[in-house]
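Thanks for asking me to look this one over. Here are my notes, set out point by point, so you can follow along with the model open.

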Amino acid sequence: MTNIIFFIAFIALLGSTYGNHQLLHSVKLNNGCQMPLVGLGTSGLEGEKAEMLIREAIKQGYRMIDCAFLYGNQEQIGKAINKVIKEGLVQRKDLFIVTKLWNNFHAFERAKQHIMDNLKQLQLDYVDLMLIHWPTSFDGKIGDPNTPPDHLETWKALEWAHKIGKVKSLGLANFNHKQIDHVLSGAKIKPVVLEAEMHPYYQQKKMKDYLKKNGMALIAYSPLANPGQNAERGFNVLTDPAISKIAKRHKKSNAQVTLRYAVQQNVAVIPKSSSPKRLAENMALFDFQLSDEEMKQMASLDRKKKMILMEHLKNHPQYPFNDW
Ligand SMILES: NC(=O)c1ccc[n+]([C@@H]2O[C@H](COP(=O)([O-])OP(=O)(O)OC[C@H]3O[C@@H](n4cnc5c(N)ncnc54)[C@H](OP(=O)(O)O)[C@@H]3O)[C@@H](O)[C@H]2O)c1
């Protein structure tokens, strides 16, 4: 009898550990919500492949999915999410779904409508995190189409969505510190997170310190410095000799060392992959640790060089990258 009770308790423990295993590797946001440290980037995932990959990622233990209206694939992603929930592979409450409000919808009323349209595309009752995708509004003020709406106007639409239960946490992407300051100065609900480019060649030291001081978390986008597009840039985490040396020591890949470097700093990563094998590789980051010396070596790779500059927006009054 005692054996049977032990066996049942063991199975229950295993089940809860598996179900929550992403929670073990998560960061606590300033509103008390937990955000997984590893998520799946979905830019460029298309059609049926997107559906297959979402299912595969969730099976492998991914719980955070980084979506956006801009990526044009939210319907397929939503379909896949709803299917796996229906099949019992995961419960909605254990997922952390992120989406973003696009530049054309910054004015208050349009932003409200756009938030609801995002939910409709994803076929979800709520999302876990909604970000303003870029500070650069393509939208004019209602009644004054030549002036972009103040960021606080867009922020109020996010706060409205939070109030009616459609968005659990609110955040920003690609804002510089002055633009974040401005949102903080008038926000009733504080942003929990900034999503921004970060990888070994663009480490964002100042921004990390700033976010820490303001109780905000960082989600690193392009955390592998998008190696597929690096030919003309002359840097590549997959072949970087300093990273290879560390990887060899831990019997890990260069991608894993690169991602580990971020999560070991409590920075969440959202690598995109269209291969089930690489999805698994990018999730296997928690069975090794970089030493202090290795962390220093990784820090020394910083070239303070962004890849995503949005140069065509350089003259926009809300262009973020003239400042950090
Ligand atoms: N908020 C924003 O403004 C913003 C901007 C850019 C990106 N993002 C988000 O960040 C996500 C990731 O960024 P990203 O796609 O630019 O760059 P990334 O994740 O750094 O790199 C993606 C590239 O790396 C390859 N890759 C993935 N895992 C690998 C591994 N283990 N070994 C070797 N190669 C690997 C992928 O190829 P395969 O597919 O062939 O594996 C793909 O070509 C996007 O999908 C999006 O969700 C947000």
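1. In this predicted model, the ligand is surrounded by 28 residues. The closest of them are D66, L224, S273, S274 and R278, so these are good names to have at hand as you look around the site.

2. Two of those closest residues also reach the ligand with polar side-chain atoms. For R278, such an atom lies 2.5 Å from a ligand oxygen; for D66, the distance from a polar side-chain atom to an oxygen of the ligand is 2.7 Å. A225 takes part through its backbone instead, with a polar atom there 3.4 Å from a ligand oxygen. On its own the ligand has 910 Å² of accessible area, and the protein covers 88% of that.

3. Which pocket does the ligand take up? The ligand's space is the largest pocket.

4. As for the make-up of the shell around the ligand, 12 of its residues are nonpolar, 10 are polar and 6 are charged. Helix 11, which spans residues 276–283, gives the most to this shell, with 3 residues.

5. Finally, please have a look at Q297, which belongs to helix 12 (residues 292–299). Is Q297 buried, partly exposed or exposed? Its relative accessibility is 28%, and because partly exposed covers the range between 20% and 50%, Q297 counts as partly exposed. Along the sequence, Q297 and I243 are 54 residues apart, while in space their C-alpha atoms are 8.6 Å apart.

Terms used:
Residues are numbered from 1 along each chain as its sequence is written. This is a predicted model: local features need pLDDT of at least 70, side-chain atom pairs count only at pLDDT 80 or more; totals for chains, interfaces and linings use all residues. Side-chain values use heavy atoms; hydrogens and water are left out. A residue is near a molecule or strand if one of its heavy atoms lies within 4 Å of it. A polar contact is a pair of N or O atoms within 3.5 Å; within protein, one must be able to donate a hydrogen and the other to accept it, and residues adjacent in sequence count only if both atoms are side-chain atoms. Accessible areas come from the Shrake-Rupley method with a 1.4 Å probe; for residues, only the protein chains shown count as cover. On a 1 Å grid over the protein atoms alone, a cavity is a set of points where a 1.4 Å probe fits but cannot get out, and a pocket is an open set with protein on both sides within 12 Å along at least five of seven lines; lining residues have an atom within 4 Å of a point. A molecule sits in a cavity or pocket if more than half of its atoms lie within 2 Å of its grid points. Helices (H or I, at least four residues) and strands (E, at least two) are DSSP runs, numbered from the N terminus. Ala, Val, Leu, Ile, Met, Phe, Trp, Tyr, Cys and Pro count as nonpolar, Asp, Glu, Lys and Arg as charged, and the others, Gly among them, as polar. Buried means under 20% relative accessible area, exposed over 50%, partly exposed in between (1.4 Å probe, protein chains only).
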